[in-house]
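This report concerns one sheet and a set of aromatic contacts. The sequence and the structure are shown first.

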Amino acid sequence: RQGQDHVTLRSVKSFYFFDKITYGTSIVLYRSERIQQGRKTVEVEMKFRSGSKSCEMNGVLFILSHPIVKSNGVFLVSRTDLVKLIDPVLRPSHITSAKPFRTVVVDAGHGGSDSGAMGFYKVHEKYYALKVARMVRDQLQRQGYQVVMTRDSDVFVSLQNRVRIANKYPNAVFISIHFNSGGNGRANGIETFTISPVGVPHMGRDVRKGDFRMVPGNITDSASIALATAAHSRMLLYLNEPKYGNNFKVKDRGIKRARFNVLTGIRIPAILLEGGFISNREEARKVHSTAYQQTMAAAVVRAVNVYRNSINR
């Protein structure tokens, strides 16, 4: 830890102009809205816990690559999390790999012989994924984006072909739409996956030798976490805030790191959304409704605009 792979949270406070840091059950960094270098910066509250990988930024859950540690009375965050998560989320306009774009590759998960999860209502994941993907496509096209669908019908598309399609468009972003299952029907909530940085394993498993190799997805890993932040936060906002017309009470399972093929092989900012557990009776009822699907699609479209504006600032 000798300053090689960790930095102090107090250093984070100073560098990003946070007003204060408080210590208790959680370590909280707070910055009020202000004008900085001629621009208005947003209010930010970050919460950490010693020994935990959980980090909350403005109420949105991020799963860190490494836990917060305490050494000689000082709290430390890994340099990987500073460089590959905190910095791109707080300063998206500084991401060098984030390019202007007008093309969005929308990937409806599964399809054809690959049905994905079976939902509580005996409807497969591939059906919901395509339905939401088409809604996203239609709204983006109305706003002037070029939209490329990896599939636009109930056909099988290999993971390699999804990667190949995405990599044809160097000035684009990639959004893969899925729905979850598991947890004996009790698990619920939404989660968003983005590429694991070099040296960080796939969510929930131990480090392997291959995790230390650079993969194509790492070219834009900072841009991908910024895109994931925009998408995940908007989905939570749109699905849970009555002012957006709905209150689905969706649980935040966080923004997580993964080594799915579509994340490791794609050279443009890429994220994979899990829009809820269709194996959970209550959540399946929500996902099955057109209102939920339309709200999720609207959130994804808004996120594309938020991300695009944030990197162009």
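The text below takes up the sheet, then the ring pairs, then the charges over rings.

This is a predicted model. Strands 1, 10 and 9 form, in the order 1-10-9, an open sheet of three strands with antiparallel pairing. Strand 1 (6-8) and strand 9 (69-71) are the edge strands, each pairing on one side only. On average, and with direction ignored, neighbouring strands in this sheet are turned by 45 degrees against each other. Strand 9 and strand 10 (residues 74-78) run antiparallel and are joined by three bridges. K70 has F75 in strand 10 as its bridge partner. Helix 2 (residues 79-90) lies across strand 1 and strand 10, and runs at about 60 degrees to strand 10.

The count of aromatic pairs comes to 10. The table gives two of these pairs.

| Pair | Centre to centre | Angle between planes | Class |
|---|---|---|---|
| F120 and Y121 | 5.6 Å | 80 degrees | edge-to-face |
| F193 and F260 | 5.2 Å | 80 degrees | edge-to-face |

The pair of F193 and F260 links distant parts of the chain, 67 residues apart. F193 belongs to strand 14 (residues 190-195), while F260 is in the loop between strand 15 (252-258) and helix 6 (261-264). F193 counts as buried because its relative accessibility is 6%, under the 20% cut-off. F260, at 26%, is partly exposed. F120 is partly exposed at 37% relative accessibility, and Y121 is partly exposed at 36%.

Ring pairs also link F101, Y145 and Y307 into a cluster. R102 lies over the face of Y145, 4.5 Å from the ring centre. The charged end of R31 sits over the F18 ring, at 5.7 Å from its centre.

Notes:
Residues numbered from 1 in each chain as written. Predicted model: local features only at pLDDT ≥ 70, side-chain atom pairs only at ≥ 80, totals over all residues. Heavy atoms only, no water. Pairing = 2+ DSSP bridges. Helix = DSSP H or I, 4+ residues; strand = E, 2+ residues; numbered from the N terminus. Axes fitted to C-alpha atoms, helices over the stretch in contact; angles between N-to-C directions. Contact = heavy atoms within 4.5 Å. Phe/Tyr/Trp six-rings, centres within 6.5 Å; stacked < 30°, edge-to-face > 60°. Buried < 20%, exposed > 50% of the residue type's maximum accessible area, 1.4 Å probe, protein only. Lys NZ or Arg CZ within 6 Å of the ring centre and 35° of its normal.
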